[in-house]
Every structure is written in C-alpha cells, then in structure tokens.
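Biologist: I should like a close look at a single part of this model, namely its largest pocket. Which residues and elements form its lining, and how is that lining composed by class?

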Amino acid sequence: MMEQKESIGWIGTSGEPGSIREPELVYFRKVLPLEEQPENFSIEITADSRYKFYVNGSLVNAGPQKGDRQIWYRDRLELGTYLRKGRNILIAVVLMIPDRNRGGNYSFARTATPGFYLSGLEGFRADESWKWRQAPVKMPGEDSHFAPLHIFEEAEGSDLNGPAWDKEYDDGSWQSAHPYTPFDLSDRLLPENLQERTIPFMRREDRRFSRIKCLRKSRFSADRWDGLLREGGILEIPPESREIVEISAGEERTGFLKLLTAGGKDSRITLLTSECYAYEPIEGLNGPVIPRKGDRTDSERGQLYGFTDTYRVKGAGTTDSPEIYEPFWFRTFRYIRLTIETAEEPLTLADFSYQSNAYPLEVKTSVETSDPSLAKIWEISERSLRLCMHETYEDCPFYEQLQYAQDTRSQILYTYAVSADDRLARQAMDDFRRSARFDGMVNCSFPNYENHVIPGFGIFYIAMVYDHMMYFGDKELIREHMPAILGVLNFFRKHIDEKGLVGKVGGPLFSSRFWSFIDWTDQWRDTLGVPPATGEGPLTMESFYYVMALRHGAALFDYLGFSDLSRRLMGESEEIKAAINRHCRGENGMYQDGPSIEAYSQHCQVFALLTDSIDGKRGKKNLLETFSHKEKYAQCSVAMMYYLFRALEKCGAYEKTDGLWNIWRDMVKKNLTTCEEDSVLSRSDCHAWGALVLYELPSAVLGVRPASPGYAELEIHPMAGALSWARGTVCTPRGPVHVSWKKENGEIKLEVSPPEGVKVRTSQGS
C-alpha cells in the first residue's frame, strides 16, 4: 500500500529512456478485488502514445485525445458499470512508439519514456503491482518511403488474445511494471500538467458486415458466409485449405475490426482493407501505389487495393472461449478481402464484426431542392465529413489521417453549417496555433511529428479564426490566436520582393524548401499540385493568399478594437493587390500564374474576385473565360471548389454551379459512398474537403449566413442558380432558421422563420 501511495500513476516497461526501437504493443494487467460492486469508480487515464482500456473484457475507451510536443491530454472515465463484486480484470493495451522521426504514426505524439498512466479514487494508481507483457505484434509501416499511418500489423496469437481477460488467468510469468518518477518524464506527462480533454469521446457502435461481395476461392456458399457475417454463425475450415472471400460493409466505414476463432493452430489470416475495386495500371504518388479507378463496385474487372494485417492463429480458442484478434487502431474500409490458410488443424471462424468509431457529429440541418440529384450528393458528403472527424479533422481516414489546414478550414465550415458544433474546430485552431515555427509559419498539418510546411496553408488557419468570429463571436479565442496570426502575416511580409509581390517561398514537393501546393489539376500533375510557373519565380496565388490573410486579419483585429492595426493591414493588402495588377496580368487582362509568365489558371481568376483585386464585371468575364476554354486554364478541382463557388456567387454567375455538380454526380454514378479526393488521380475515396454540398445548400442556396460577428445579424440571401425551389431548416449557433423559396415569374418568393431576437437581413439572390 505504501508503494501505491507513493506512485505518481505512470508506469512503463523499463526505466531506460529511448529503449523503444520499433512500435510495440504492451499489455498492462491488474487484478482488482472488490467486496461490492461500486456505484461510482472514477479514474484519470492516458498513455504514451495510445491506449485501449478494458474492464472485464469490455472496451471502455480508446484514447487519449491527440496532443503534441507541448501538450498531453488525459481522459476521465467512470468504471462503475463495468466493475463487479469479486475479482476484476483491468487491461490497458498500450501502443508505444519510438521517439524518432518516421518511427510510427505521424499524428501520434511520443516521448522517450512511453508508458501508461492511471489515477483513481483513494490512492488507486498504476504502480508496480501492475504486470506487463509485450504482444507478439510488429508494425512495419504501410510503405517503405511514406508511412504516415504506421498502424498495420503482423501479429501472432498468444494467450493475450482471450485467456488474459479471464479472472482465473495466471499472470505469474508477466513482469512487474516499472513506476516512473517525476524525474523520468517529460514535463508534459507530469500528472499536474496533463490537460483535460477538450472534445467529446468518439461514438462507437457494434456493427455487422453487409454481405459477401464475391467468393474468390471458397468451398462455402455466399449464404453460408453471410450467415457468419450477418447472423453470427460459424464456419469450420478444413486443414490444409485456402479461402479467399471479399466482404462488403455496404458503405465506407471507420472502425475497430474483431475476428473470433477456435482451434486452427498456425492458420494464417490476412485482412486487406480497401476503399473500392480498382484497375491496373497503378502508379506511385508520394508513397503507396495509386490504382486506376472507375466503378467502385466492379469486382468482375477490378480488384481490391489497400493495406493488410496478418495474423497467425495460436489455436487455443474454443467456440465458448474464442481466440480474439482485434487490430489496435481503427481501420478504414468499404471492402475487406479475407484470406485464410489453414495448417494441420481445422479452423473455426466464430465471428467477424467491427465497432464503428467516429466523432459524435449531430447533423441538424436538412435541405430539399428541386434537383433530386443533390440529395444523393448530400448523403455521400455527410458520410465523408463524419469519416474525416475523429480526435482531429482528417484529410482522409484511409491514407494519412492528418489534419491539414486547407482541408480543415472547409470541413469546419461544413460542420458549422450542419451542426453549429465548434468543439473540434476549436481544437483544430489550437493545434495549428501551437504548431507555429521560428519563422512565424504554422505547420501545414498538425498534430504531426514530422515538420511539413505549405506556406499558403497559413492563410487557411487565419480563415478558420475569421470564420469562428463570424459564427460565434468569441473575442477571447481571437486574442489567444493573435500572436500566431501575426506570425503568419510576418512570414509573408518578410518575403515581399522588389516588385511588391510575395517572392518565391517554395516549389514542388521534394525539390524545394517548402511545398507550394495549390491544387490537384491535370496541368500541374508533374509538379504535384504546384503551378509550373514556380520554375521561373514566385507564384501569383501566394500573393493572393497573402491579400486574403491580410483582409481576414484586419477584420479580426478590428473586431477586437485594434483599429489602427486593422487599417495598416488593409493598407498593406491594397499595396499587394496593386503589385499583382502591375506585374501579374497578361495583355488579355487575365491573371497569370507568375509575374510576366504566359501561364494561366482558373485559380488566379477566382482569387482575384475574392480579394477584390478586380472589379466584378471584368472579374466575371475573366472567370467565365476559364469555363469557355478549359484547355487553356488549369481548372479548380474538388479541393478548390468551395472558392470557385464563392467567386461565381460574388460575380453573379451562380448558375454555372449546376454544371460543376456533375463532378459529384459522376461520383454517384461510379458508386462511391463518399467524396473522392480529386478527379485527377482519385487517390482517396473519402476526402471531406469534397463535402461542399453541406455548406452550399444551407448557406448559399437557402442563403443562411452570419452577417456580423457571432451571428448578431442573420443574412438570408438565397442563390437559386439552376434551381426552381428549395426549402429546409438550417442549424445556427443562435437557433434553427426555417427557409423556403420558389421562383415565380423570374423572382424568388421567400419565406423565413428566424430565431427569436435575431436581426435578419434578407435579399434576393440569383
């Protein structure tokens, strides 16, 4: 008891810093005898880097919230409903990652002393009475060059996979945990420095697979397999045999897989998780190979590409007490190829299921329109947003699970429009604020153990803070972000060249100091999303980005009462705009991709309009020129579509958006259940920057947006475009807004029911 009281609650496997060379999964086990089942049993818990915490075989939580080099989070859990009278088995499965670059998942923070922390009632803490054992699992990384997930497993069965959960299990061969002292730990891990969780726990739901998609090699019928998948039946696979089946979840999902087996010693099971069926040829881009895609359900001509987990069965399970294989981290999948190779014993499959895992997004906005195709686009978009929200926003759940600033700015706006929930948005802004570098720029993706800068992404961070001001009006939040915002602005200011433009700050990926990514387009494919004009000098888009950042910054500081600073920023933005107009326009009046370079894109015409660098009439002419002669102008892809829609709205050409929705209608035709990353390489089938309809229908088509900070005034300015009517309910921080309109004789007849006490500005759109 004395040693427990002296413990600070942190335990590990060794007191030697840096002893972890490769990712390891370690089980920490504790037998907790109780005379009565408690009504309440609260604990604080965290781990370096990740934990899954079980009580008597039930998963209580997976955590902690993602931190970084400066901050570490803890969770508060209530165990009362999981505990019982008598012996209770507490098990923490902890992922330990080496404290080195590319040593594990990019978004997982880590230190030199990985371990597990628990502190509870009446001095109950993790101490040397806990036992530990390393699981026979390797995590080699999904690709030899680029492995940001680093979560896929080569695992072998052991008595950890089932028996260790039993209260009569003998853990005498396990080693005693090593208690850490305050002198062992990084400051951010000290109990007094652990931060309270700022976002809700993930929503987890037990789910079953939809059906067998196809049998590649099987002695069983599809009905027999469906009995296992949908009804929890069993299959006995004979010795020395091979089964290959492909399983459908019905739609793209994120979740924890769980496979139960009995017998089958030395059977080898391979789980390939995949987003879709695809075709050869395949090509590499920044890591894993990219298959050629079409109909995502075409199992006859296509095949599944993805990442694999392998498991060698121990053979100790029975149908009453099965062996359990559950990969540690959640997987992203629409289809799973299950390959089973038995050895000398038959293998019984007792169950195969999963537990979905995502942020608890509550969608409260609903919209109907005269175009029925938009309903299906809404469905795949809502699913995309949900699957790209976990402990952070994510670019894609399948390939990277990294929170990129450009993606996140759009995702935050979509979240506001459908739920008015800003909890994950607040965390995202704090993440980027803490990522600020010595030169003022923020990391383009964060949390990220790797350093990665896309200069233009700094403006999307500033835009996030601006958007939050407009929706929620939290002045204290803006004050917290002022230093980082000024840092980003100063980064660009320091790079102003002799022409008054933002000078060359980056270029193509892998060959420049920074990656000047703008968009995925066919014309910029060889330079990986960067206009080829980068080879001759600075990019006009980065000057436009700076103008946008200055204007957002000016609005933020004016809202705080810093009117002098606001005026200076606006004055500087006018100077940059003047320089762009002097040096970056061709004889045809179009904006060039670089000063005096005869290369043009739709993007520059879009941002000229959005930054008021051009008058509306001429800006509309320029923008429509890019639609009429697409071969001459790099076109905006899904990533930049939000900004293209805003430019069309601003110049009075919103009817053009009807044709742009064909990008998403094509996704539906190709049987996607989520929005693809782009139509150039279609790397990811789930990229939530494509969930544009979630913003567009409530905020543009119904026209519900904040007219002043904190939604103090509500603007309703519907954009009809090609639609003849629309109606719906839009969730806002001030309450729901009911809007209905229809076209009559070329005019919009508008009906509005706003929240009580909110001033409303209404006007007819186009």
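Modeller: The following account treats the largest pocket and then turns to the backbone of two loops that adjoin one of the lining helices in sequence. The model is a predicted one. The largest pocket holds about 810 Å³ of space. Its lining consists of 23 residues, and those nearest the centre are Arg 409, Tyr 466, His 552, Tyr 642 and Arg 646. Several secondary-structure elements each contribute at least two residues to this lining: the helices α4 (405-419), α6 (457-472), α8 (540-559) and α12 (641-650), together with the strand β26 (704-706). Of these, α12 provides the largest share, with five residues. In terms of class, eleven lining residues are nonpolar, nine are charged and three are polar.

The loops beside the lining helices also contain two backbone features. Ala 420 is located in the loop that joins α4 to α5. Although Ala 420 is not a glycine, its phi is positive, at about 55°. Its relative accessibility is 17%, and because buried means under 20%, Ala 420 counts as buried. Further along the chain, Pro 447 belongs to the loop between α5 (423-434) and α6. The peptide bond that leads from Phe 446 into Pro 447 is cis, with omega near 0°. Thus α4 and α6, which both supply residues to the pocket lining, are each flanked by a loop with one of these features: the positive phi of Ala 420 in one case, and the cis bond before Pro 447 in the other.

Terms used. Residues are numbered from 1 along each chain as its sequence is written. This is a predicted model: local features need pLDDT of at least 70, side-chain atom pairs count only at pLDDT 80 or more; totals for chains, interfaces and linings use all residues. Side-chain values use heavy atoms; hydrogens and water are left out. On a 1 Å grid over the protein atoms alone, a cavity is a set of points where a 1.4 Å probe fits but cannot get out, and a pocket is an open set with protein on both sides within 12 Å along at least five of seven lines; lining residues have an atom within 4 Å of a point. Grid points are joined across faces, edges and corners, and a volume is the space filled by probe spheres set on the points. Helices (H or I, at least four residues) and strands (E, at least two) are DSSP runs, numbered from the N terminus. Ala, Val, Leu, Ile, Met, Phe, Trp, Tyr, Cys and Pro count as nonpolar, Asp, Glu, Lys and Arg as charged, and the others, Gly among them, as polar. Buried means under 20% relative accessible area, exposed over 50%, partly exposed in between (1.4 Å probe, protein chains only).
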